[in-house]
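I opened this model to look up how its helices pack and how its chains meet. My notes follow in the order in which I looked.

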Amino acid sequence: MSTTVQAGDFTAAPTLPDVLPTPKERGKIGGFIYRHPTIVVGGTLVTLMILIAIFAPFLGTKDPTSLAPARRTREPSALYWFGTDMLGRDVYSRVLYGARVSLLVGFSVATCAGIIGTTLGLIAGFTRAFDAVVMRVMDGLMSIPPILLAIALMALTRASVKNVIIAISVAEFPRVCRLVRGVVLSLREQPYVEAAIASGTRVPVIIWKHILPNTLAPLMVQATFICASAMITEATLSFIGAGTPPIVPSWGNIMAEGRALWQVKPYIVFFPAIFLSITVLSVNLLGDGLRDALDPRLAKRL
Amino acid sequence: MLAYAIRRIVATIPVVLIVALFVFSLLYIAPGDPAAIIAGDQATPADVERIRASLGLDRPFLVRFFDWLWSVVRGDLGTSIFTNLPVSHMIQQRIEPTLSLMVLTLTLSLSCAIPMGVIAAWKHGTWIDRAVMMTAVFGFSTPVFVIGYLLAYVFALRLDWFPVQGFTSISQGLFPFLRNLILPAVALGLVYMALIARITRATMLDVLSQDYVRTAKAKGVGQRGILFIHSLKNAAVPIVTIVGIGFAALIGGAVVTESVFAIPGLGRLTVDAILRRDYPVIQGVVLLFSCVYVLVNLGVDLLYTVFDPRIRY
C-alpha cells in the first residue's frame, strides 16, 4: 500500500508556445511614429510648407510680381511649371510666395486669438463680476458667423495683411475665451487650487502657477484648429475681394484672379487650391493627433 | 418644458441686442461722413452741420442706436448707398436662391452624414470606419470654393451633366431647379457633412456601449432597430448641437458658393456690397444672417427637450 511516487509517474508538462507575442522592439522614434501617425504626417507636411515659405525666393523660378503681357495665360510647361496667369506672372512662383501669406496669417491669428482669448477667459473664470458681462459679449460675438464678422470688419478698413489678421482674430477669439473659462471653472474646484487659496496664495500666482499650465494642452489643440480655419478664412476673404490687397500673392488672390478664366485655364485656380487644401489638411491632422496624444480619453473616439 | 422654453427665449434677447449693437457700431465707425457726402463739395461747414442735424447724426450714440433698432424692428433697414433702394427690399429680392440652397444643403448633408456616422460607429475599427473618418477630415480641410470649382470642372465642364453656373427658381419646375442647385449644395454641404458625421460616430460609440443597448440586443431587437431606434435618439443631443453650431459654416460658405456658381442670392449681395463699400447693405445682411443663426440655435435648444425629456435647465 505504498503510495510512493516514482519519478516515471510524472510527465513533464510540454513547453507551450508563448501565447502572447513578445512586444515588438521599437526605438523611441519608431514607437512615436507608430502611436501617433497623424502627428508625424501632419507635422512633416507643415514643416515642408514652412520650408517652402522660407525658401520661396530660392525655389521660385521667376519674380512673382513681374508682369509680362506677351507671355500671359501659358499652359504649364518646363519653363512655367504651373503656367502663367492673365498678366503673364509665373503661377508657380506666386504659389510658393502664397505659402508665406497663408502661414503668416494662420500662425498670427492662432497666437493673437490665443493670447486675447486666454486672458479674457482667465479673468472671466476667476472674477464673478466680469464673468456674466464677458460671456454675454462672447455669446453675442459668437452668434455672428466668423466669416461674416471678418467680412464686416474688413469692409471698414483698408485691405492689408495686418488688418486681415486682426479681423480674423476678432472672429476667432471668443471660442478660445469660452474654452479657457470652462477649464478654469472646473480647475477652481480642484483640491490643490482650494489649498492654494486657503494658504493665502495671491490670485495672480495661482493663475500663473496652477491654472495656466493646465489650460495649455486644450489650448494648443484649439490653436491648431484656429490656425487651419484662419487660413481658410484668409483665402475666402481674398477670394471674394475683401482680404489681402491684390498685389500680395496669397492663394486666395491667385484664385480670385484666375476666376474669370477658370473655364478655359483651370490650372490657375487649381494649383493654389491644391496647396491650400494640403496645408489646411496637414494642420488639421496635426491638431487631431495632438488632441489624441494630450487627451487619451478622447483618443479612441473622435 | 414651457418654463424652459420661455427661459431660453428670454436668454437670447441680450445676445441679439449685442449683435445689433455691433452691427450698428459698424456704420457708426465706418469711414466717411454721410452728411459731408450728401452736402457735396461746394457746401460750407454750416451747411454740413445743418444736414447733420436734419439727419439726426448729431445726437448721442445710444439715442441713435435705439432709434435705429426701432426702425429695424419695424422692418426698415435703411437705404443702400449705391442703388438708393431700401435694404429690406434688396434682401427680399435675393432671399429665394439662398434659402433654396440652404434647405437643399441641409437635407443632403443630414441624410448622408448621419447614416455615415452611425455605420462608422457600428463598424468601429474596420476600413469602413477609417474611410468615413478620412473623408470627414478631407471634408473640413478643403475650402468650399475649392470643392465648388472641382465639382464644376468635373461634372459640369468635362461630363456636362449639370449647368456650370446659374439658378432656376423652383416655380419653373423641380427638375431644372435641382439640376442647377445640386452641385452648389454638394460643395457647400461637404464641410457640414464632415462635422456631423464625426460627432455622430463619436456619440454613437458612447451610446452603443450602454447597458440598455445590450438589453435590446438580448431581447432580440434587430441590428437596424438598435442602431436607428434605440441608439440614435439617445445620441441626438450632441448631434443637433453640432447641426446648430455648424450652421455658421453653412452661412459663411453660402457667401462663397454663390460667387463660384453665380447664384444671385444674399451671398452675392454681400460680396457686391463689400466691393462697393455699401455699408447699409452689409449691415442688413450681417444682421439678418446672425439673427437666423441665433434662431437656429434657439430651435436646437428647444429640440433638446424633445430628444431628452430629462433636460430642465
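**Entry 1: H8 and H12 of chain B.** I looked up the packing of H8(B) against H12(B) and found an angle of about 150 degrees, with the axes 10 Å apart. The crossing of H8(B) past H12(B) is right-handed. On the H8(B) side I noted B:Pro184, B:Ala187, B:Leu188, B:Val191 and B:Tyr192 as the residues in contact. H12(B) answers with B:Ala249, B:Leu250, B:Gly253, B:Ala254 and B:Thr257. I sorted the residues of this contact into eight nonpolar, two polar and no charged.

I should record here that the model is predicted. The predictor gives the complex an ipTM of 0.81 and a pTM of 0.82.

**Entry 2: the nonpolar core.** I next asked which residues touch the most other members of the largest nonpolar core. They are A:Val109, A:Ala150, A:Ile151 and B:Ile196, in a core of 156 residues. H8(B), which spans residues 174–208, gives the most to this core, with 19 residues. I then listed what B:Ile196 touches, leaving out residues up to four places away in sequence. The list holds B:Ser109, B:Leu110, B:Ala113, B:Ile114 and B:Gly117, and further along the chain B:Ile239, B:Ile242, B:Val243 and B:Gly246.

**Entry 3: chain B as a whole.** I counted 14 helices and zero strands in chain B. Its C-alpha atoms fill a box of roughly 85 × 55 × 35 Å along the principal axes. Of its 313 residues, 38% count as buried. Taking contacts in chain B between residues at least 6 apart in sequence, I found that 71% join residues at least 24 apart.

I also checked confidence. Chain B has a mean pLDDT of 82, and 94% of its residues reach 70 or more. Among the elements of chain B, H5(B), residues 87–122, has the highest mean, 88. H2(B), residues 34–39, has the lowest, 64. Where pLDDT is low, the predicted coordinates should not be read in detail. I took no details from H2(B).

**Entry 4: chain A as a whole.** Chain A has twelve helices and zero strands. Of its 302 residues, 42% count as buried. For contacts in chain A with a separation of 6 or more, residues 24 or more positions apart account for 70%.

**Entry 5: H6 of chain A.** Is H6(A) mostly covered or mostly open? I found it mostly covered, with ten of its eleven residues buried. The buried run starts with A:Pro146, A:Ile147, A:Leu148, A:Leu149 and A:Ala150. It goes on through A:Ile151, A:Ala152, A:Leu153, A:Met154 and A:Ala155. A:Ala150 and A:Ile151 already appeared among the core residues that touch the most other members.

I then looked for what covers these residues. Both chains take part: the cover includes H7 (161–188) and H9 of chain A, and from chain B H1 (2–28), H12 (247–260), H13 (266–276) and H14 (279–307).

**Entry 6: the contact between the chains.** How many residues of each chain are in contact with the other? I read off 35 residues of chain A and 40 residues of chain B. On chain A, H5 (128–142), H6 (146–156), H9 (203–239) and H11 (267–294) each supply at least two residues of the side that touches chain B. H11(A) gives the most to that side, with nine residues. By type, this side of chain A divides into 24 nonpolar, seven polar and four charged residues.

**Entry 7: H9 and H10 of chain A.** I followed H9(A) to H10(A), residues 251–258. Their axes come within 7 Å and cross at roughly 35 degrees. The crossing is right-handed. H9(A) brings A:Glu234, A:Ala235, A:Thr236, A:Leu237, A:Ser238 and A:Phe239 to the contact, and H10(A) brings A:Trp251, A:Gly252, A:Asn253, A:Met255 and A:Ala256. I sorted these residues into six nonpolar, four polar and one charged.

**Entry 8: A:Pro246.** Last, I checked A:Pro246, which is found in the loop between H9 and H10 of chain A. A:Pro246 counts as partly exposed because 13 other C-beta atoms lie within 10 Å, and a residue is exposed at 12 or fewer and buried at 20 or more. A:Ser160 is 86 residues from A:Pro246 in sequence, yet their C-alpha atoms are 9.4 Å apart in space.

Methods. Residues numbered from 1 in each chain as written. Chains lettered and ligands numbered in written order. Predicted model: local features only at pLDDT ≥ 70, side-chain atom pairs only at ≥ 80, totals over all residues. Contact = placed C-beta atoms within 7 Å. Helix = DSSP H or I, 4+ residues; strand = E, 2+ residues; numbered from the N terminus. Nonpolar A, V, L, I, M, F, W, Y, C, P; charged D, E, K, R; others polar. Axes fitted to C-alpha atoms, helices over the stretch in contact; angles between N-to-C directions. Left-handed = near helix turned anticlockwise from the far one by under 90°. pLDDT = per-residue confidence, 0-100. Core = buried A, V, L, I, M, F, W, Y, C linked by C-beta atoms within 7 Å.
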